[in-house]
Amino acid sequence: MRPRTPDADRSPLRTHRGPGTATAPPTTPRPTLAQGSTLAGLALLVVGAIGLGIDIGFLALTIAVVLTLAFPASSGGALGDVSWGIVLLLSGVLTYVGVLQRNGTIEWAGASVAAVGAPVVAALLICVIGAVVSAFASTTGLLAALVPMTVPLVASGSISAVGLVAALAISSSLVDVSPFSTGGAIAMANADAAERRTIYRGLLVFAGSVTVAGPLVSWAVLVASGGF
């Protein structure tokens, strides 16, 4: 049996420290003036948008301009990092959808579908409209416009209100990752420039798939089955 040496009691993870060796405590770097001002700008953005009701886009641009003018050395390259193509894409789509909503096109389409003789078929068409339009517009605003149009269908007594509203909400929410919506655009804007085209295609294929499959599956399970 081999005798144990003092070194044998030492863990291999422990290191030997010579006499007089002191371990300095870790130090936390203090934020610079530019970093502190940026954090203050974020706090001002939250307070102004939520507490004071100021337009968040206008307030964010104002804070960004002020920070750029105050710290040009560290903020000079910020404009180059902005995905202006995504900004223009999203702005154009939102403007177009806003024109459709202002002209009453979406409400007209929903009312026309609601006038279809078969309530079950009308429910499917409303779910399809919700999925298609939600890929380009706000899901919350769309549901506020389409849900009241389901009242005549529910009043007929052949469709469950819970099932129809749930199917419409699912159909409209599944396409929120569309590259033409806010969520998809943010995902592309935060990706590397070399990966944006791949991400764009992936999101577009997925959004197109759930635009077709989402309404069909949710309608079949929640509306056509009659279980809800």
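These legends go with close-up views of a predicted model.

**View 1. The whole chain is helices, with no strands at all.**
Before zooming in, here's the overall layout. The protein has 12 helices and zero strands. Following the sequence from start to end, you read α-α-α-α-α-α-α-α-α-α-α-α. There are 228 residues in the protein, and 28% of them are buried.

**View 2. The largest pocket holds about 690 Å³ of space.**
Its lining counts 21 residues, and those closest to the centre are Ala60, Leu61, Ile63, Ala64 and Val65. If you want to find the spot in your viewer, those five names are a handy place to start. Rolling a probe the size of a water molecule over the atoms is what shows where empty space is left.

**View 3. Four helices each put at least two residues into the lining of the largest pocket.**
They are helix 1 (33–51), helix 2 (56–70), helix 3 (72–75) and helix 4 (78–81). Which helix gives the most to this lining? That's helix 2, with nine residues. As for chemistry, the lining of the largest pocket has 15 nonpolar residues and six polar ones, and no charged residues turn up.

**View 4. The second largest pocket has a volume of about 410 Å³.**
Here 15 residues form the lining, and Ile86, Val87, Leu90, Ile186 and Ala189 are the ones closest to the centre. Helix 5 (84–102) and helix 11 (182–189) each supply at least two lining residues. Helix 5 gives the most, with seven. Sorted by class, the lining of the second largest pocket comes out as nine nonpolar, five polar and one charged.

**View 5. Val47, Leu52, Ile54 and Phe58 make a nonpolar patch on the surface.**
The patch covers about 420 Å². One of its members, Leu52, sits in the loop between helix 1 and helix 2. Those two helices are also among the ones that supply the lining of the largest pocket.

**View 6. A closer look at Leu52, in the loop between helix 1 and helix 2.**
Is Leu52 buried or exposed? Leu52 has a relative accessible area of 63%, so it counts as exposed, the cut-off for that being over 50%. Its partners in the nonpolar surface patch are Val47, Ile54 and Phe58.

Terms used: Residues are numbered from 1 along each chain as its sequence is written. This is a predicted model: local features need pLDDT of at least 70, side-chain atom pairs count only at pLDDT 80 or more; totals for chains, interfaces and linings use all residues. Side-chain values use heavy atoms; hydrogens and water are left out. On a 1 Å grid over the protein atoms alone, a cavity is a set of points where a 1.4 Å probe fits but cannot get out, and a pocket is an open set with protein on both sides within 12 Å along at least five of seven lines; lining residues have an atom within 4 Å of a point. Grid points are joined across faces, edges and corners, and a volume is the space filled by probe spheres set on the points. Ala, Val, Leu, Ile, Met, Phe, Trp, Tyr, Cys and Pro count as nonpolar, Asp, Glu, Lys and Arg as charged, and the others, Gly among them, as polar. Patches are made of residues with over 30% relative accessible area and no salt bridge: like charges are joined within 9 Å, nonpolar side chains (Val, Leu, Ile, Met, Phe, Trp, Tyr) within 5 Å. Accessible areas come from the Shrake-Rupley method with a 1.4 Å probe; for residues, only the protein chains shown count as cover. A salt bridge is a side-chain nitrogen of Lys or Arg within 4 Å of a carboxyl oxygen of Asp or Glu. Buried means under 20% relative accessible area, exposed over 50%, partly exposed in between (1.4 Å probe, protein chains only).
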